[in-house]
Each structure stands twice: as C-alpha cells, then as structure tokens.
Amino acid sequence: MDLNFDLSLAAAYTSKRQRNRVLTEAWMAQNAYCPSCGESVSQHIPNKPVADFYCPRCSEDYELKSKVGVYTNSAIDGAYHTMIQRINSDTAPSFFFLSHNEKRVHSLFVTPACFLSDSVIIKRKPTKVKGRTNLWIGCSIDLRGIPESGRIYYVRNGEECSRQEVVDHYAASAFLRTTEIKAGLRGWLLDVLCCIERLKRKTFSLADVYRFENYLSAKHPDNRNVQAKIRQQLQLLRDMGYLRFTGRGNYELMS
Ligand SMILES: [Zn+2]
C-alpha cells in the first residue's frame, strides 16, 4: 500500500476541498478493501446519496469520511435525521475514517455498521440555509463512543497493518453481527462495551462496571435504573459469546 497520494490527479483543481476529495477518493479506490472478505472495494457512481464505496462480493456499502489532520473526538456528518434513519435501516453503511495531510495518508480505519447507534450521533446547532425557511440540523459522530473493537485499522499513524490483521480484527467483531439488534437499541450495548474495554482486563466484576454508572446515566438521562440496564447488557454480551459469567458477579472475556 503506497500511502502517498497521486498528486497529478489534483493538478487541475485549485480549491482545497476539491483537491482533497479527488485525492482521497482516488487513493481509496486504489487501496481500500473489504474488511470481511479482503476484496477491493468499488466506487459507486459519484454523488449517490447512500454510500461512496461497496464490496462487490459482500454488497456491503461504505461511506468515506475524510479529514485533514487526525480524528480524535468526533467526525462531522450530514443531516441529523437522515443519518439516524440510515443507521437504523437494513442497508446501513459502514464507515471509513481517513485522516491525511496534503500529500499522504496518516490513518485509516473502518467502523462496521453494527457499531453505530443513535447514542453516538450528536445533533449540531441548527443553522440557517440560504433560500430555505426551515433551519438545517447537522450531526457529528462521537468517535469516543465507538468501542475499540469497532475501529478496524488499515493504517495507524502512518504504519500499514497487514491484510490478515484487518480481516482477523473484523472477524473478532462478529459477535455483534450475529444478533439482530436495531441501532436504536444498540446504544446501551455499545456504551457498556466501551466501559468494559476501558477496564483493560480479561476478568472483571459487576462492581467494576457499576463504577461507570454516572457516565452511563449522563448518556441516558431518561433511564432511572442504570444498574439493571447494565446487567441486561452483560447478559446480551454473554449470549453473543463476547464474555462469560464465572459466578458471583464475575465475568471473563472470551477472547
Ligand atoms: Zn466483502
């Protein structure tokens, strides 16, 4: 994988935005592949509203988000309500997050569709749009709410990961795809998963997870019984094969 852009493609463009779009899309078309089967992704016809790329073998759709700099806390997306509808639909896309400078790629990771929930789609301040009476509401994706298992790196800080590592990492996140849970209900599950990952331990107790109670109740202010909700998510994660109960409120991760 050559991390450098083919700058000759952008020679005709003066606007930075257009240059970046041309360079990043061409680089993706040349280098990106499906994390599930390893097949090169193909580009949809430009401006198809739903997705930018797809895997011809799995028919999975991918949307590309790119940014000059580094993705840290959040990624700006389009209209809020459209995004909520899309991630809750049966054809929800996965997202590629590409960070780069003017000449080369810094990092690229994919977040499979099942790792996105309403919980990480943050409404932005309504803005006026020229020629429209209604205010426009955009959104951003809260990347801190996406578990590590849902960030599958191809390139990390300028270092390429092997295709095998990418495919293995994707396969390890399969537990979340085996059960049909609508995106609107996935928020709790993903939030509890993030808390478990933050413990950075293979074994932990219910009390360890309860320590995130304040954090979780701030994210879900309508829920009055956060501890019960935590226990319910732990059961779901057990049923999915992500962890097992070892007795007396203790848990062990399966991998
Ligand atoms: Zn595929």
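Colleague: In which helix is Cys-195 found?
Modeller: A word on the basis first: this is a predicted model, in which local features need pLDDT of at least 70 and side-chain atom pairs count only at pLDDT 80 or more, while totals for chains, interfaces and linings use all residues. Residues are numbered from 1 along each chain as its sequence is written, and side-chain values use heavy atoms, with hydrogens and water left out. Helices are DSSP runs of H or I with at least four residues, strands are E runs of at least two, and both are numbered from the N terminus. On that footing, Cys-195 is found in helix 4.

Colleague: Is Cys-195 buried or exposed?
Modeller: Relative accessible area decides this: under 20% is buried, over 50% exposed, and anything in between partly exposed, with a 1.4 Å probe and protein chains only. Cys-195 has 0% relative accessibility, so it counts as buried.

Colleague: Which residues does Cys-195 touch, not counting those up to four places away in sequence?
Modeller: Contact means heavy atoms within 4.5 Å. The C-alpha atoms of Cys-195 and Leu-216 are separated by 9.0 Å, although the two are 21 residues apart along the chain. Leu-216 is one of the residues that Cys-195 touches; the full list is Phe-212, Tyr-215 and Leu-216.

Colleague: Which residues have the most contacts inside the largest nonpolar core?
Modeller: A nonpolar core is a set of buried Ala, Val, Leu, Ile, Met, Phe, Trp, Tyr and Cys residues joined through side-chain atoms within 4.5 Å. The largest one here has 70 residues, and those with the most contacts inside it are Ile-141 and Leu-237.

Colleague: And which helix gives the most to this core?
Modeller: The helix in question spans residues 183–199 and provides eight residues. Among the contacts of Leu-237, leaving aside neighbours within four places in sequence, are Leu-189, Val-192, Leu-193 and Ile-196. The top contributor to the core is helix 4.

Colleague: Why does this core lie between domain 1 and domain 2?
Modeller: The bounds come from an automatic or database domain assignment, which gives domain 1 (1–177) and domain 2 (179–255). The core lies between them because residues are given to it by both domain 1 and domain 2.

Colleague: How far apart do the C-alpha centres of domain 1 and domain 2 lie?
Modeller: The two domains do meet, with 20 residues of domain 1 in contact with 18 residues of domain 2. Their C-alpha centres lie apart by 27 Å.

Colleague: What is the geometry of the site of the zinc ion?
Modeller: Donors are N, O and S atoms within 2.8 Å of the metal (3.2 Å for Na, K and Ca), and water is not among the atoms, so sites may look incomplete. Here the zinc ion is coordinated by the SG atoms of Cys-34, Cys-37, Cys-55 and Cys-58 at 2.2 to 2.3 Å. Four donors count as tetrahedral if all angles lie between 85 and 135 degrees. With angles of 102 to 116° among the four donor atoms, the site is tetrahedral.

Colleague: In strand 13, which residue is the bridge partner of Phe-245?
Modeller: Two strands pair if DSSP finds at least two bridges between them, and four bridges join strand 12 (residues 243–247) to strand 13 (residues 250–253), running antiparallel. These strands form a hairpin with two residues between them, and Arg-248 in the turn has a positive phi of about 50°. Across the pair, the partner of Phe-245 is Tyr-251.

Methods: Tetrahedral: all angles 85-135°; square planar, octahedral: opposite > 155°, others 65-115°.
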